[in-house]
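Q: Got a minute to go through this one with me? I'd like to get my bearings before heading back to the bench.

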Amino acid sequence: MTDGTEGATAERPTAAPLTRTASAYLGELDAAADLAMIRREQAVLAERVHWTVIPAGVSRGVDGPGAPLNSPIMQVDGYQYARLQDGLACAIQDVGRVAWWYATAALAALDAVLAGQEITGMRLERLTLLRPGRDEEVDAQAPAWGRCFRPHLPGDGELRTGDDRLDAAMDAALAPLRSAYSAAADLELADVDQDADDCEPPDVELAWLDRAEKAAMRIPDLLIAYARTVFNAAQVTGRRIST
Amino acid sequence: MAEGMESIGQRAEQRADVAAARARLMAEDASAYLAELDTAATLMLQRREEAELADRGKWLMRPQGSERTLSGSVLSPLRHMDAYRLTRLQQAAAAAGLDVARIGWWYATAALTALAEVAAGREVTAGQLEMATIRRSGRIIETRDVTSPASAVFRPQLPQQLPSTGREDLDDQAAATLERTREAYAAAELAGDLADRPRLEYCEAADMHDALSHAAAVPELLIDLARVGAQATHQIDLDKGNA
């Protein structure tokens, strides 16, 4: 190992490689993020399919005016729809949790590599274990954007690997994430305002809220994309220094 | 000539059918309404079965890929994600249980209403059955607030005894189902009383366990009772129509 005085740049301590356990840990987080996103997709599709299928058995149901309204099968279909919505809300939340976890671990790994410290899977586990966001259950009644977990992001120019391509990729992944965070912060403020005024917001404001909500909803996906870039940067940097 | 005779015979038969239908107290749509509730109950029981099997199946499967982290399964993010998944499956099974309870309440209330009306010689329509159940708590209660399928909101009022159909086997079956349902209600009451106590003795805790497992059968017993009730209604209706 190096003594910490040599490295890619003179100002920076030597980067240490990621240990096998740390790489495996992040690799599993990557697989877990894929899995969570696939399950969310499944939940979205199940909910959409529900709208296109007429419940079987309704045709022999109650005749006369208002028939489908009275039909028990139709009503039971409503129960099923509520369950699908609950399932989707849970799947979204699980993506939010794994995104928080993956991003936090990847940032910690890169940080350690750049500081010239060896990092293990165990250490990554400890850094994320007791932090809110990883195992936190969010109120299912909260607005969808409120269910996005937001780990602390590094400041501009804070994490530099010295490799232009890696740094540019991290900056590119960080920029949309920052605007999504600020959309979520705006929504929080708007939520407080609405409680205070207790009146209907005008149409323009509604359109703005809708856009902000859509942006904020992308936080988990953006975090996963960012975590992947950071993980890659940590691996490449670690490998480059150790050879 | 032979064809003509046949069609005259058929028409006479049809007229007899129409006359019998007119004499019936149970409108066609009321029969359809109960039949749909029967289908809905079967559907909900199947969904609960599916959800319970998925929950049980989860225990048998090892999460794929978790062997990759050298530090073992405790640290593996995939293992951990698997626990999120297990929570979701448990939640889904609990929700499916509540849906069975709702349909049990609904079907039993509708069938017992139909039976009481027809036995008293009054006509019954789907509209009436709908009205008898629509605004009652067990049917559309927000199940998030209710944790147990044996909870009081899902226990419709039971009659002292069911009207006689004149068929001994059917009457015996109805009386036996009513008795079992009443016992399960009593078990649910006992479990509720015990739960209110600040601290349970060991023997009381065992009683509580027995009472809870007995009370858990309430929704299914209600569906059984509703089925017997619907059959009895048809029998009485048929006999009155033929008389």
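A: Sure. Helices here are DSSP runs of H or I with at least four residues, strands are DSSP runs of E with at least two, and both are numbered from the N terminus. By that scheme, B:S31 lies in helix α2 (residues 28-60) of chain B.

Q: And how far should I trust the details?
A: This is a predicted model, where local features need pLDDT of at least 70 and side-chain atom pairs count only at pLDDT 80 or more, while totals for chains, interfaces and linings use all residues. Residues are numbered from 1 along each chain as its sequence is written, chains are lettered from A and ligands numbered from 1 in the order in which they are written, and side-chain values use heavy atoms, with hydrogens and water left out.

Q: Back to B:S31, what does it touch?
A: Leaving aside residues up to four places away in sequence, B:S31 touches B:M26 and B:H234; contact means heavy atoms within 4.5 Å. B:S31 is partly exposed, at 23% relative accessible area. The cut-offs are under 20% for buried, over 50% for exposed and in between for partly exposed, using a 1.4 Å probe and protein chains only.

Q: How far is B:S31 from B:A174 in space?
A: They're 19 Å apart, C-alpha to C-alpha, with their positions 143 residues apart in sequence.

Q: Switching to chain A, what span should helix α3 have?
A: At 1.5 Å a residue, its 43 residues (72-114) should span 63 Å, and the end C-alpha atoms are 63 Å apart, which agrees. The expected span is 1.5 Å times one less than the number of residues. α3(A) is mostly covered, with 35 of its 43 residues buried. Just after α3(A), A:G116 takes a positive phi of about 75 degrees.

Q: How many salt bridges are there over all chains?
A: The count is 21, where a salt bridge is a side-chain nitrogen of Lys or Arg within 4 Å of a carboxyl oxygen of Asp or Glu. One of them pairs A:E125 with A:R134 at 3.1 Å, N to O, and both of those residues are buried.

Q: What about B:R102 and B:D99, what separates them along the helix?
A: About one helical turn, because they're 3 residues apart in helix α3 (residues 77-119) of chain B. An α-helix has 3.6 residues a turn, so residues three or four places apart point the same way. The two side chains meet in a salt bridge of 3.2 Å, N to O. B:R102 is buried at 7% relative accessible area, and B:D99 is buried at 3%.

Q: Which residues are linked with them in a network of salt bridges?
A: A:R83 and A:D86 join B:D99 and B:R102 in that network.

Q: Is B:E204 buried or exposed?
A: Buried, because its relative accessibility is 16%. The B:E204 side chain meets B:R197 in a salt bridge of 2.3 Å, N to O, and B:R197 is partly exposed at 40%.

Q: Where's A:T19?
A: A:T19 is in the segment before α1 (20-52) of chain A, and is buried at 15% relative accessible area. Apart from residues up to four places away in sequence, A:T19 touches A:E118, A:I119, A:T120 and A:G121.

Q: Last one: how exposed is B:L60?
A: B:L60 has a relative accessible area of 74%, so it counts as exposed. B:L60 sits in helix α2 of chain B.
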